[in-house]
Amino acid sequence: MRPLTDEETKIMFEKLSKYIGENIKLLVDRPDGTYCFRLHNDRVYYMSEKILKLATNISRDKLVSVGTCFGKFTKTRKFRLHITALEFLAPYAKFKVWVKPGAEQSFLYGNHVLKSGLGRITENTMQYQGVVVYSMADVPLGFGVAAKTTQECRRVDPMSIVVFHQADVGEFIRNEDTLT
């Protein structure tokens with residue numbers, strides 16, 4: 001486990017800023033202690049420095065994971081967020097989408113959000129902006145990318161895609177064998 005390089009940190013923070021904007025500072029400078037990001041086997045983990053010190057007692061080849069997995073770097077050095085980061089993205093999300101109860105199951109099966117399933121959307125959401133998807137009961141279900149702006153969502157036909165699916169909590173069940 002090692003600290004992220006400057007380039008890796010920049011790539012990861014750019015991806016996170018699409019979802020939570022300047023609130024990235026709130027992830028690192030928390031009132032309950034100092035938190036950090038560490039890289040292990042191309043995966044980025046988020047943990048307190050207290051946990052980090054405890055993890056140094058375990059050899060790298062024996063260590064499977066520590067902290068919360070935020071995502072991983074692909075072979076082409078792009079950063080992909082994992083659904084395990086949702087717990088930290090949801091409270092700080094700048095742009096949100098709420099889906100109707102009938103569209104929740106479709107989203108949780110890995111499908112995009114259609115206009116017919118859209119309950120609400122945050123004002124001034126730009127196209128290709130990262131959004132956190134909620135149920136109408138304010139339960140975070142996953143995250144994606146806005147396919148249309150807020151204004152376009154008001155006048156498109158009901159079968160148009162308004163949010164491209166990226167990750168959802170249903171992945172825990174669908175990919176149970178391959179998640180690490």
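**Definitions at work in a predicted chain**

Mentor: Let us begin in the loop between β3 and β4, where Asp 42 is found. The model is a predicted one, in which local features need pLDDT of at least 70 and side-chain atom pairs count only at pLDDT 80 or more, while totals for chains, interfaces and linings use all residues. Residues are numbered from 1 along each chain as its sequence is written, and side-chain values use heavy atoms, with hydrogens and water left out.

Trainee: Why does Asp 42 count as partly exposed?

Mentor: The relative accessibility of Asp 42 is 34%. Buried means under 20% relative accessible area, exposed means over 50%, and partly exposed is in between, with a 1.4 Å probe and protein chains only. Asp 42 is therefore partly exposed at its 34%.

Trainee: What makes Asn 41 count as exposed?

Mentor: Asn 41 has a relative accessibility of 57%, so it counts as exposed. Asn 41 also belongs to the loop between β3 and β4.

Trainee: What is the phi of Asn 41, which is not a glycine?

Mentor: For Asn 41, phi is positive, at about 55 degrees. Asp 42 is not a glycine either, and its phi is positive at about 65 degrees.

Trainee: Why is His 40 called buried?

Mentor: His 40 has a relative accessible area of 5%, so the word buried applies. This residue lies in strand β3, residues 33-40. The names of such elements follow one rule: helices (H or I, at least four residues) and strands (E, at least two) are DSSP runs, numbered from the N terminus.

Trainee: Which residues is His 40 in contact with, leaving aside its neighbours within four places in sequence?

Mentor: They are Met 1, Tyr 45, Arg 60, Leu 63 and Val 64. Contact here means heavy atoms within 4.5 Å. By comparison of position alone, the C-alpha atoms of His 40 and Lys 94 are separated by 29 Å.

Trainee: What makes Leu 63 buried?

Mentor: The relative accessible area of Leu 63 is 9%, and Leu 63 is therefore buried. Leu 63 sits in the loop between α3 (49-55) and β5. Beyond its neighbours within four places in sequence, the contacts of Leu 63 are Met 1, His 40 and Ile 58.

Trainee: How do you know that strands β4 and β5 pair?

Mentor: Two strands pair if DSSP finds at least two bridges between them. β4 (residues 43-48) and β5 (residues 68-73) have 4 bridges and run in the antiparallel sense. In this pairing, Tyr 46 stands opposite Thr 68.

Trainee: How many bridges join β5 to strand β6?

Mentor: There are 3 bridges between β5 and β6 (residues 79-81), again antiparallel. Phe 73 stands opposite Phe 79. β5 and β6 form a hairpin with 5 residues between them, and Arg 77 in the turn has a positive phi of about 70 degrees.

Trainee: Why is strand β11 described as largely enclosed by the rest of the structure?

Mentor: Strand β11 covers residues 140-146, and 6 of its 7 residues are buried, so it is largely enclosed. On one pairing, β10 (residues 130-135) joins β11 over 5 bridges in the antiparallel sense, with Gly 130 partnered by Val 145. β11 also has 5 bridges to the antiparallel strand β12, residues 161-168, where Gly 144 stands opposite His 165.

Trainee: In what order do the 6 strands form the open sheet?

Mentor: The order is β8-β12-β11-β10-β7-β9, with mixed pairing. β8 (113-114) and β9 (118-121) are the edge strands, since each pairs on one side only.

Trainee: How do you know that the radius of gyration agrees with a compact globule?

Mentor: The radius is taken over C-alpha atoms, and the globule rule is 2.2 Å times the number of residues to the power 0.38. For 180 residues a compact globule would have a value near 16 Å; the chain has 17 Å, which agrees.

Trainee: How many helices and strands does the chain have?

Mentor: The chain has 7 helices and 12 strands. Of its 180 residues, 43% are buried. Among contacts between residues at least 6 apart in sequence, 58% join residues at least 24 apart.
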